[in-house]
Amino acid sequence: MKHPWDSQAFTVGAKDKDRSEETIAASIAAATAVKRHHPDLPVILTLNHLAHLSDVSPDFLQEVAHRKIDPYRVFRVKKRGVANKVPSPPRRYRTICVPELRLMRVQRWIAQNILQAMPSHPASFAFIRERDLVGAAERHVGAKWLVKMDVRHFFESIYEDSAYRVFRGFGYGALISFQMARICTRLPIYSRKDPRARLGRREENLPYRTHPKGHLPQGAPTSPMLANFASEALDKRLSNLALTANWTYTRYADDLAFSRPGDSTRAEAMHLVKRVETALKLSGLVVHRQKTSIVPPGARKILLGVSVDTGNPRLTKAFRNNIETHLYALNHDAIGPERHRVKRGFASTIGMRRHVLGLIAFAHQVDEGYAARLYAEANMVDWGR
C-alpha cells in the first residue's frame, strides 16, 4: 500500500493549526528520513499519529507501550515431537498469544503498511509475498548433500530491542520505533512475577536496561515478518558462509537448509554445522540439535515436508497416505467423524476438521490438482455424525 507524503500540504495544514516552525521542520525531517528508505512507507510522527492511522485509541496504545496491560489471550497447543530422538522432550507445548481486537488491528496495520513494504533477504522464504515453501524447497532439488537445522524458540529469542532496530532501520524516529517495538512484543511469562515488569511509578524510574524485555509473541500478525527483518544479519552471514563453501542456503522461519549438488564428505558437512551454530550464537539464537540432520547421497531428501530428490518438490507418499486415510474414514458409512476422532485421539471434531483442512491447504501449496480432489472429498464429509 502506497502512502504519499506532501511536505507543502503538511506545512500549510500545520500552520493552520498554529504549530511552531520548529515543530514543522522536525516533522518534515522525520518524514524525509522515512521516505528516503522507501517511498511507500507511511510517515508516523507520534504514537497518537499511529493511533489515528490504525483507528485505535491513543490511550490504549499508551497502555500497551508502557506495559500497563497484557492484551493477549494465551493458550497452548501441542508441538510435534522428535521421533526416536529423546524419550521425553523438554517442552511439549507451544505457547500461542492472540492479541485482543484493538491490538490485533494496529499490529495488522503495521504488518500490512510497514513490514510488507520493505524487501526481505533473498534467502528468507516464509511470510513473504511471492515466496513460499515450494520456492524454498526448489532451491535444493537434486542435491547430493542436504543439511537441515532448526532454531530453538525462534520467536521468543527475538526481543524488543531487535524490533526497535528494525523500525529504526526503516527511518523512523527513536521514540516511535521504541513504542512500535513495545506494541509488537510481549513480556515473557516468567517476568510477570518480577515487580519491575509491572512498571509502577517507582519502577518506571529504573534504567531501561533493568526492565524485562519483551519478545515476539507467536500469534501476533507482526511477529513473522519482524522475525525475518531481525534475522537479516544472520541471513547475510549464513549466505556468505554457504557461498564460500559451495553450499546453497535458505531459511523458512526457524528451518535452515543447506544443500550441495556436488561431492562432499560428512566431515565437511559437520564443519558447516559447527560454523552455523557459531553464527546463530552471535545472533543470540540457539540451534535445536535434536533436529539437525545430515542427509548424504542416496538417502531420501525431505525438506519442509516435501520431497526434493529430483524434479519438482512433491508431496511424500507418507503424507498422501495420511490425508487419504483421514478422508476415507471420515466419509465411510461405518466410521465417520466421531469414531475417527476417538480413534485418532483428537480432543474435538472441530480440532480434527481444522487439522485435516490444514493438511489439504499444505497439499495445495505443492500440488493444486491433487489438493482439488482432496477438497472435493472433504466437502462430502458429514461432520455432524
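Helices α1 and α2 pack against each other with their axes 10 Å apart, at an angle of about 150°. Angles over 145 degrees count as roughly antiparallel, so α1 is roughly antiparallel to α2. The model is a predicted one. Two packed helices are described by the angle between their axes and the distance between the axes. Handedness adds to the picture: α1 passes α2 in a right-handed crossing.

Which residues of α1 and α2 make the contact? From α1 come Ser7, Phe10, Thr11, Ala14 and Lys15. From α2 come Glu21, Ile24, Ser27 and Ile28. An α-helix has 3.6 residues a turn, so residues three or four places apart point the same way. By character, the residues of this contact divide into four nonpolar, three polar and two charged.

Now look at the two ends of α1, which covers residues 7-16. Aspartate 6 caps the N-terminal end of α1. One of the side-chain oxygens of aspartate 6 lies 3.0 Å from the backbone nitrogen of glutamine 8. Past the other end, aspartate 18 follows α1. The phi of aspartate 18 is positive, near 65°.

Stay with α2 for one more residue. Helix α2 spans residues 21-37, and alanine 29 lies in it. Is alanine 29 buried, exposed or partly exposed? Its relative accessibility is 47%. Buried means under 20% and exposed over 50%, so alanine 29 counts as partly exposed. Take alanine 29 and proline 297 as a long-range pair. They are 268 residues apart in sequence, and their C-alpha atoms are 57 Å apart in space.

That distance can be set beside the whole chain. The C-alpha trace spans about 75 × 55 × 45 Å along its principal axes. The protein chain has 385 residues, and 44% of them count as buried. Its secondary structure comes to 16 helices and ten strands. Sequence separation matters for the contacts too. Take contacts between residues at least 6 apart in sequence: 69% of them join residues at least 24 apart.

Serine 259 takes the tour into a strand. This serine is found in β5, residues 255-260. The relative accessible area of serine 259 is 2%. The cut-off for buried is under 20%, so serine 259 is buried. What surrounds serine 259, leaving aside its neighbours within four places in sequence? It is in contact with Arg139, His140, Ala143, Trp145 and Leu146, and also with Asn246, Trp247 and Thr248. With histidine 140 there is a polar contact, side chain to side chain, at 2.7 Å. Serine 283 makes another pair with serine 259. The two serines are 24 residues apart in sequence and 22 Å apart in space, C-alpha to C-alpha.

The last stop is a second helix pair. Helix α13 covers residues 317-331, and helix α16 covers residues 368-379. The axes of α13 and α16 come within 10 Å and cross at roughly 20°. Angles under 35 degrees count as roughly parallel, so α13 is roughly parallel to α16. The crossing of this pair is left-handed. On the α13 side, the contact is made by Arg320, Ile323, Glu324, Leu327 and Asn331. On the α16 side, the residues are Tyr370, Leu374, Glu377 and Ala378. Sorted by character, the residues of the α13 and α16 contact are five nonpolar, one polar and three charged.

How values were computed. Residues are numbered from 1 along each chain as its sequence is written. This is a predicted model: local features need pLDDT of at least 70, side-chain atom pairs count only at pLDDT 80 or more; totals for chains, interfaces and linings use all residues. Side-chain values use heavy atoms; hydrogens and water are left out. Axes are lines fitted to C-alpha atoms, for helices over the stretch in contact, and angles run from 0 to 180 degrees between N-to-C directions. Helices (H or I, at least four residues) and strands (E, at least two) are DSSP runs, numbered from the N terminus. Angles under 35 degrees count as roughly parallel, over 145 as roughly antiparallel, 65 to 115 as roughly perpendicular and the rest as oblique. A crossing is left-handed if the near helix is turned anticlockwise from the far one by less than a right angle, and right-handed if clockwise. Contact means heavy atoms within 4.5 Å. Ala, Val, Leu, Ile, Met, Phe, Trp, Tyr, Cys and Pro count as nonpolar, Asp, Glu, Lys and Arg as charged, and the others, Gly among them, as polar. Buried means under 20% relative accessible area, exposed over 50%, partly exposed in between (1.4 Å probe, protein chains only). A polar contact is a pair of N or O atoms within 3.5 Å; within protein, one must be able to donate a hydrogen and the other to accept it, and residues adjacent in sequence count only if both atoms are side-chain atoms.
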